[in-house]
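Reader: I'd like to see the labels on this one justified. Please give me the cut-off behind each term as we go.

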Amino acid sequence: MSKIAIIGAGLSGLTAAIYLKEQGHDVCIYEKNDYAGGRLISKEGNETYFENYIRGLAGCSKNDKMYEVWEHIGAIKDTKFIRLKRFHSVKSGNEELVFWRDTQRSKKEMIARSPEDEEQITKLLDAVASFGIERINVKKPIDMTNQFELMAGGVVSGNANKKLDSYENMNIGELAAKFNDPLIRLAIISLLGTDAKAYEFLAAYGNFVAANAEIPIGGFLTIAKNIENKFKAMGGKIFLNCEIVKADIKNKRVISIESADEKTVTADAYIFAADANYVFMNLLGEKHMQRDMKKAFSGTKDFKVETVFGLSFLFEGKTESMYSNGALETDAFMLGKDMRSIINYRLYDYDETMENESATRLFCFVRQDEEDYLYWKSISIDKESLEAAAMQAAENIKFRIEEAFPDTKNKLKILKCYTPIYFEENYNSYLGAVRGFCPGKKTGNYNVSGNIKGIKNAFLAGSFLGGVTGIRGAVISGKFAALRMLKVLK
Ligand SMILES: Cc1cc2nc3c(=O)[nH]c(=O)nc-3n(C[C@H](O)[C@H](O)[C@H](O)COP(=O)(O)OP(=O)(O)OC[C@H]3O[C@@H](n4cnc5c(N)ncnc54)[C@H](O)[C@@H]3O)c2cc1C
């Protein structure tokens with residue numbers, strides 16, 4: 001039995017911990033915050049937490065290989081899912097457009113509003129409807145796979161659907177530009193922004209239509225708790241409020257790590273499942289970073305990070321005008337460095353566990369980029385200025401929501417707003433990123449392994465390894481880090 005220390009109790013750290021614990025190792029996780037779950041969760045008050053607007057649990061259909069992993073880590077144990085009819089909706093002035101689960105309905109409604117776009121609408125919605133289940137490599141890292149396994153096809157990733165081929169080399173902005181109708185364009189870009197690959201849009205909508213990205217009741221708070229509980233039930237330990245600030249390396253091995261309150265932890269092996277940039281810049285040293293990752297973190301325009309200004313409301317009332325998932329186009333207003341005009345939202349009216357009969361939750365966010373992050377960073381030197389600017393932005397958003405959806409007027413109470421600095425301070429996240437690098441056209445082949453250059457007994461997990469993005473990427477990276485470690489511990 002080896003003693004293993006994991007830095008970070010986000011999705012990737014928890015996943016690695018479970019795969020290692022079940023092999024009989026002594027596994028402890030050290031987490032900076034007073035809760036496990038990382039970026040699945042935000043802290044709203046002293047002891048109140050809320051999910052971070054994760055769109056859905058991608059890979060929750062039994063036909064998807066990812067399902068086995070979610071099941072293995074206990075994520076979906078006894079979890080109920082809601083099957084919403086609307087994937088995404090947009091409102092601009094008095095006009096609305098919905099991307100329905102029923103793609104035939106969307107096709108009909110979109111052609112009716114923009115007959116000149118019929119060919120592109122049909123092509124897009126046929127591709128979404130036939131998207132099916134993605135083949136994601138959840139089995140083991142490709143560099144640990146032998147020829148026979150490769151030939152058997154068990155570790156292949158991708159989607160063999162020919163209808164997706166013509167969208168391969170385009171980003172979402174280019175996809176939207178294929179349509180004449182401004183509302184269709186807006187509906188497409190409001191979901192994931194313009195820079196991500198068009199495939200990401202097709203995959204998000206396609207997984208939803210295939211009932212492979214469902215929304216958990218209780219949100220991702222439930223999912224995170226499920227995984228944490230599984231690890232603890234196996235005898236695993238999580239040390240909360242324990243920020244690791246130092247790692248000692250000798251003879252190509254991590255010897256010990258040290259917490260902010262100067263406690264030293266020694267272990268046989270380590271998994272660094274905190275933000276990769278933070279890990280190398282603050283704990284291990286940049287020289288241990290793989291070349292591709294160094295290039296990606298060098299500030300090149302090809303590797304963008306996405307962050308958000310988030311805003312959580314308590315909504316004391318009922319609304320007929322607002323759907324559960326959507327985006328609103330408003331007049332442009334200043335948010336961060338630039339003018340913004342798209343507010344995304346989720347209304348949790350479908351989830352009775354969130355609040356009570358008379359009140360529910362509303363979470364809004366506005367996309368922010370690196371320039372915006374720099375703006376927030378520059379004013380964050382003075383906490384009061386930061387708070388005042390954030391509150392001003394929150395009021396601007398609230399005003400626009402109330403105008404667009406009049407039955408919410410005077411019923412919205414701001415609970416908390418999150419600037420990119422919140423994500424940086426709370427999770428040590430690079431430029432306040434909410435996930436890894438934006439999967440744009442040029443980042444297609446970015447997929448670094450969890451090996452750490454020049455260190456034998458430590459591996460990396462987390463969103464910045466590339467490959468599949470978001471929650472699935474985090475989980476897979478955690479599993480793969482555990483497999484790499486099990487190989488060296490043999
Ligand atoms: C607002 C928002 C919306 C999102 N929407 C989606 C979505 O729709 N779909 C999707 O797939 N993904 C989405 N994501 C992304 C997804 O939540 C993340 O990709 C995933 O949770 C990241 O997991 P991780 O383990 O890689 O990192 P994290 O969750 O960041 O885990 C790292 C952990 O390490 C801890 N830590 C950091 N430094 C230290 C240290 N020095 N010592 C100890 N602990 C440390 C952090 O506190 C954190 O708990 C969203 C994220 C946010 C914030």
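Author: Happy to. Let's start with domains: their bounds come from an automatic or database domain assignment. Keep in mind that this is a predicted model, where local features need pLDDT of at least 70, side-chain atom pairs count only at pLDDT 80 or more, and totals for chains, interfaces and linings use all residues. Residues are numbered from 1 along each chain as its sequence is written.

Reader: Which domains is the protein chain divided into?

Author: The assignment gives domain 1 (3–78 + 218–301 + 441–489), domain 2 (88–210) and domain 3 (307–430). The C-alpha centres of domain 2 and domain 3 are 26 Å apart.

Reader: How do you know how many residues the contact takes from domain 2 and domain 3?

Author: Two residues are in contact if their C-beta atoms, placed from the backbone, lie within 7 Å. The contact takes eight residues from domain 2 and 10 from domain 3. On the domain 2 side, β7 (86–92) and α7 (182–192) each supply at least two residues, and β7 gives the most, with five. Helices (H or I, at least four residues) and strands (E, at least two) are DSSP runs, numbered from the N terminus.

Reader: What makes a residue part of the shell around the ligand, and how many residues surround the ligand?

Author: The C-beta atom, placed from the backbone, has to lie within 6 Å of the molecule. That gives 36 residues, with Gly8, Gly10, Gly38, Ala274 and Gly470 the closest. Domain 1 and domain 3 each contribute at least three residues to the shell.

Reader: How do the residues of the shell divide into nonpolar, polar and charged?

Author: Ala, Val, Leu, Ile, Met, Phe, Trp, Tyr, Cys and Pro count as nonpolar, Asp, Glu, Lys and Arg as charged, and the others, Gly among them, as polar. By that scheme the shell has 16 nonpolar, 13 polar and seven charged residues.

Reader: Why is Asp78 called exposed or buried?

Author: Buried takes 20 or more other C-beta atoms within 10 Å of the residue's own, exposed takes 12 or fewer, and partly exposed is in between, with C-beta atoms placed from the backbone. Asp78 has 7 within 10 Å, so it is exposed. Asp78 sits in the loop between α2 (65–72) and β6 (81–82), and its phi is positive, about 55°, although it is not a glycine.

Reader: And why is Tyr53 called buried or exposed?

Author: Tyr53 has 20 other C-beta atoms within 10 Å, so it is buried. Tyr53 lies in the loop between β4 (49–51) and β5 (57–58), and its phi is positive as well, near 50°.

Reader: What makes β15 and β18 partners, and how many bridges join them?

Author: Two strands pair if DSSP finds at least two bridges between them. Nine bridges join β15 to β18, and the two run antiparallel, so the pair qualifies. Leu311 stands opposite Cys364 in β18, and Tyr345 stands opposite Cys364 too. Strand β17 (residues 338–347) pairs with β18 antiparallel over four bridges. Of the nine residues in β18 (360–368), eight are buried.

Reader: Why do β11 and β13 count as standing at the edges?

Author: The open sheet runs in the order β11-β12-β13, with antiparallel pairing. β11 (244–250) and β13 (264–266) each have a single partner strand, so one side of each is left without a neighbour in the sheet. Six bridges link β11 to strand β12 (residues 253–259), and Ala247 has Ile257 as its bridge partner in β12.
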